[in-house]
Amino acid sequence: VAAVKEKLAEKTEELEKREIEIKEIFSTLEERQATHLKEREKIVEKIDKKQLEQYERVRERFPADAVVPLAAGDNCSGCFMHLGPQALVQIARGEEIVRCRGCGRILYIDENSEESREE
């Protein structure tokens, strides 16, 4: 019984230390989130309202990856649907928001992956 109590005390102490670590991590994450939200507010002020609404609708559906690069083979990297030449030209021009006709995500050309395609 004494050995079990000692082991329990050790585990309880370990648990308390981890709880403190977790609270510190959460505090740091909350601070970072507040900073990022302030930065986002400044950026959002500069964006066209229609484009922002379009982005927000896509983000509701795909919170982790509303904006995705073209994958190799000129496919959407979200749903891997092949994009036609018209969409590719529109994306390359960068004059408007282009959405995948399959999943609706916003598409862009990743310059780094474009260089690797040419090699």
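This tour moves from the whole chain to selected residues of a predicted model.

**The whole chain**

Begin with the complete protein in a cartoon view. It contains four helices and three strands. Followed from the N terminus, the elements come in the order α-α-β-β-α-β-α. Trace this order once along the chain before selecting any single residue.

Next, consider the overall dimensions. The C-alpha atoms occupy a box of roughly 75 × 35 × 25 Å along the principal axes. The radius of gyration is 23 Å, whereas a compact globule of 119 residues would have a value near 14 Å.

Now display the surface. The accessible surface is about 9,600 Å², and carbon and sulfur atoms account for 52% of it. Of the 119 residues, 17% are buried. If the surface is coloured by charge, there are 21 positive and 27 negative charges to find, and their mean positions lie 5 Å apart. For contacts between residues at least 6 apart in sequence, 41% connect residues at least 24 apart.

**First stop: salt bridges in the helices**

Side chains of opposite charge can pair when their charged atoms come close. In this model, the count of salt bridges is five. Three of these pairs are visited here, starting with Glu-14 and Arg-18.

Select Glu-14 and Arg-18 and show their side chains. The closest N and O atoms of this salt bridge are 3.6 Å apart. Both residues belong to helix H1, which covers residues 2-44, and they are four residues apart, about one turn of the helix. Glu-14 has a relative accessible area of 36% and is therefore partly exposed, since this class lies between 20% and 50%.

Stay on helix H1 and select Arg-40 together with Glu-56. Which parts of the chain does this pair tie together? The two side chains form a salt bridge, with the closest N and O atoms 2.5 Å apart. Arg-40 lies in helix H1 and Glu-56 in helix H2, residues 49-61, so the pair ties together parts that are 16 residues apart in sequence. Both residues are partly exposed: the relative accessibility is 31% for Arg-40 and 22% for Glu-56.

Keep Glu-56 selected and add Arg-59. These two side chains also meet in a salt bridge, at 3.2 Å from N to O. Here both partners are in helix H2, three residues apart, about one turn of the helix. Arg-59 is partly exposed, with a relative accessible area of 33%. With Arg-40, Glu-56 and Arg-59 all displayed, one network is visible, joined by salt bridges that share partners.

**Second stop: strand E2**

Move along the chain to strand E2, residues 75-76, and select Asn-75, which is found in this strand. Asn-75 is buried, with a relative accessible area of 18%, because buried means under 20%. Apart from neighbours within four places in sequence, the contacts of Asn-75 include Pro-69, Leu-70, Phe-80 and His-82.

Now select Cys-76, also in strand E2. Is Cys-76 buried or exposed? At 0% relative accessibility, Cys-76 counts as buried. To see what surrounds Cys-76, display its contacts beyond four places in sequence, among them Val-68, Ala-71, Cys-103 and Leu-107. Cys-100 is another contact of Cys-76. Between Cys-76 and Cys-100 there are 6.7 Å in space, C-alpha to C-alpha, although they are 24 residues apart in sequence.

**Third stop: two loop residues**

Select Phe-80, in the loop between strand E2 and helix H3, residues 85-93. The phi angle of Phe-80 is near 65°, a positive value in a residue other than glycine. Phe-80 is exposed, with a relative accessible area of 58%. Phe-80 is also one of the contacts of Asn-75 noted at the previous stop.

Finish with Ile-97, which is in the loop between helix H3 and strand E3, residues 106-108. Ile-97 is partly exposed, at 25% relative accessibility. Which residues does Ile-97 touch, not counting those up to four places away in sequence? They are Gln-51, Gln-54 and Ile-106. Add Gln-51 to the view: the C-alpha atoms of Ile-97 and Gln-51 are 7.4 Å apart in space, while the residues are 46 apart in sequence.

Definitions and conventions. Residues are numbered from 1 along each chain as its sequence is written. This is a predicted model: local features need pLDDT of at least 70, side-chain atom pairs count only at pLDDT 80 or more; totals for chains, interfaces and linings use all residues. Side-chain values use heavy atoms; hydrogens and water are left out. Helices (H or I, at least four residues) and strands (E, at least two) are DSSP runs, numbered from the N terminus. The radius of gyration is taken over C-alpha atoms; the globule rule is 2.2 Å times the number of residues to the power 0.38. Buried means under 20% relative accessible area, exposed over 50%, partly exposed in between (1.4 Å probe, protein chains only). Contact means heavy atoms within 4.5 Å. Accessible areas come from the Shrake-Rupley method with a 1.4 Å probe; for residues, only the protein chains shown count as cover. Lys and Arg count as positive and Asp and Glu as negative; His and the chain ends are not counted. The place of a charge is taken as NZ of Lys, CZ of Arg, CG of Asp or CD of Glu. A salt bridge is a side-chain nitrogen of Lys or Arg within 4 Å of a carboxyl oxygen of Asp or Glu.
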